[in-house]
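Here are a few notes to go with the structure, written for someone new to reading these. Keep the view open and find each residue as you go.

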Amino acid sequence: MSHRRRDRSRAIATIRVDGFSEHGTGTGLDERGNRWSVRYAVPGSLIRAGGKPQAGTRLETVEEAPDGQEAPCGAFGICGGCQWQTMTLAQQRAEKLRMLTGLLGGMGGTCGGITGAPEELGYRNKMEFTYGDMRFLPPAEHRAEKAGDGTAMEREGRFLGFHAAGRFDRIVDLEECPLMSEAMNRSYRLMRADTLASGWEVWNPHRQIGFWRHLVLREGSGGGGGSGGSSDSGASIVATLHTMPATPEQVEWIRRHAPGWGVSGLRLIAGGSLADAIQGTPELLWGSDNIRERLGKVDYRLSADAFFQVNRAGAERLMEEVARLAGTGELLIDLYCGTGAVGLYLAAAGQFGQILGVELNSAAVDCARENAAANGLNATFLCGAVEDLIRDGSLT
């Protein structure tokens, strides 16, 4: 036992962070000259970390980076998500440019710069949360508990949030996330309060029992319709609840509460694998499961499962850059086109007379065809594997 304690004490190190690894984790040397890789650590800061040098855990920041900023999220450093919140947006982009330049340089390429959306927060239009019965205790609470001051730490209960970094069985309990819009946060808080107070148990991954498992929110910038949803000119939010097999009473409870959650549609996936993944076919319980987005001159009507960029403003910048590089022509062949977003954008801009898109996912192809027709664009979408369609002559 004493040998283990000595090992743990030696694993605590003070590190001056001097750069980033290829994976975006902070790296630096400790007092003994060992190089560490630590999540949530940024260049210029002095930190204390534990664990193994190749995968260290930040315990506390002794000195902040001189040109950094305070993290805007109280869960920074524990939720397993954002790693660079203590860097300004300009610094983040400069670092990404440096990393990208290094990658392209090794292949003989060049990088002309980075452009991005102006918003640092509130930009994500899709978020997935997990229910659990064990809360993750951050290092500060661990230290308070060990100090023996009588502070009671809530470990067990009903929680909803994100997995802690590297933990499948511990939830960072969250009341909101600054990456979401205020509308999404409002719906999240309402759903969180109701479901956790419902009386049905949340998921225990060790015993594999419980009812509530996941919550997914998807927001569109245009109207989603639905009997209780947003107007056509406003944003729409479709929520998907993932549970274990539900009784008629539980389904009715969810359906009855849905109108009070500020969403335009509510879907339920009841059952599926015991693995920590959302699997199964959703059932629409209330409202509409469609969302709308607009990029350039195109209105996209999408299902709640359809792929779309999680940052709409960033997607607009991406489309503008693609349009600039694509030029003009009679025919554009858009391989692996998904829901046809790029091809339809270029067609609506008048850069190509005809679009031929190829996509393996049949639901995405149906969505692309519907959007082409709704926007009056000359576009054909084929469903199949690119290599198969080349072999049978469909693309010649």
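1. Start at C73. Its relative accessibility is 17%, so it counts as buried, since the cut-off for buried is under 20%. Keep in mind that you're looking at a predicted model.

2. So what is C73's nearest cysteine sulfur? That sulfur belongs to C177 and sits 6.0 Å away, and C73 is in no disulfide. A disulfide pair has its sulfur atoms within 2.5 Å, so 6.0 Å doesn't qualify.

3. C82 has a similar story to tell. The nearest cysteine sulfur is that of C79, 6.1 Å away, and C82 is in no disulfide. With a relative accessible area of 27%, C82 is partly exposed.

4. How many disulfides turn up in the whole structure? The search finds zero. As a reminder, a disulfide is a covalent bond between the sulfur atoms of two cysteines.

5. Now hop over to strand β15, which covers residues 329-335 and includes I333. I333 has 39% relative accessibility, so it counts as partly exposed. I333 also belongs to a nonpolar surface patch with L331, L335 and Y336, and together they have about 400 Å² of accessible area.

6. Finally, zoom out to the protein chain. You should find nine helices and 17 strands, and the C-alpha atoms fill a box of roughly 75 × 60 × 40 Å along the principal axes. Of the 396 residues, 43% are buried. The accessible surface comes to about 20,100 Å², with 51% of that belonging to carbon and sulfur atoms.

Definitions and conventions:
Residues numbered from 1 in each chain as written. Predicted model: local features only at pLDDT ≥ 70, side-chain atom pairs only at ≥ 80, totals over all residues. Heavy atoms only, no water. Patch = residues over 30% accessible without salt bridge, like charges linked within 9 Å, V, L, I, M, F, W, Y side chains within 5 Å. Areas by Shrake-Rupley, 256 points an atom, 1.4 Å probe, with all protein chains shown as cover. Salt bridge = Lys/Arg side-chain N within 4 Å of Asp/Glu carboxyl O. Helix = DSSP H or I, 4+ residues; strand = E, 2+ residues; numbered from the N terminus. Buried < 20%, exposed > 50% of the residue type's maximum accessible area, 1.4 Å probe, protein only.
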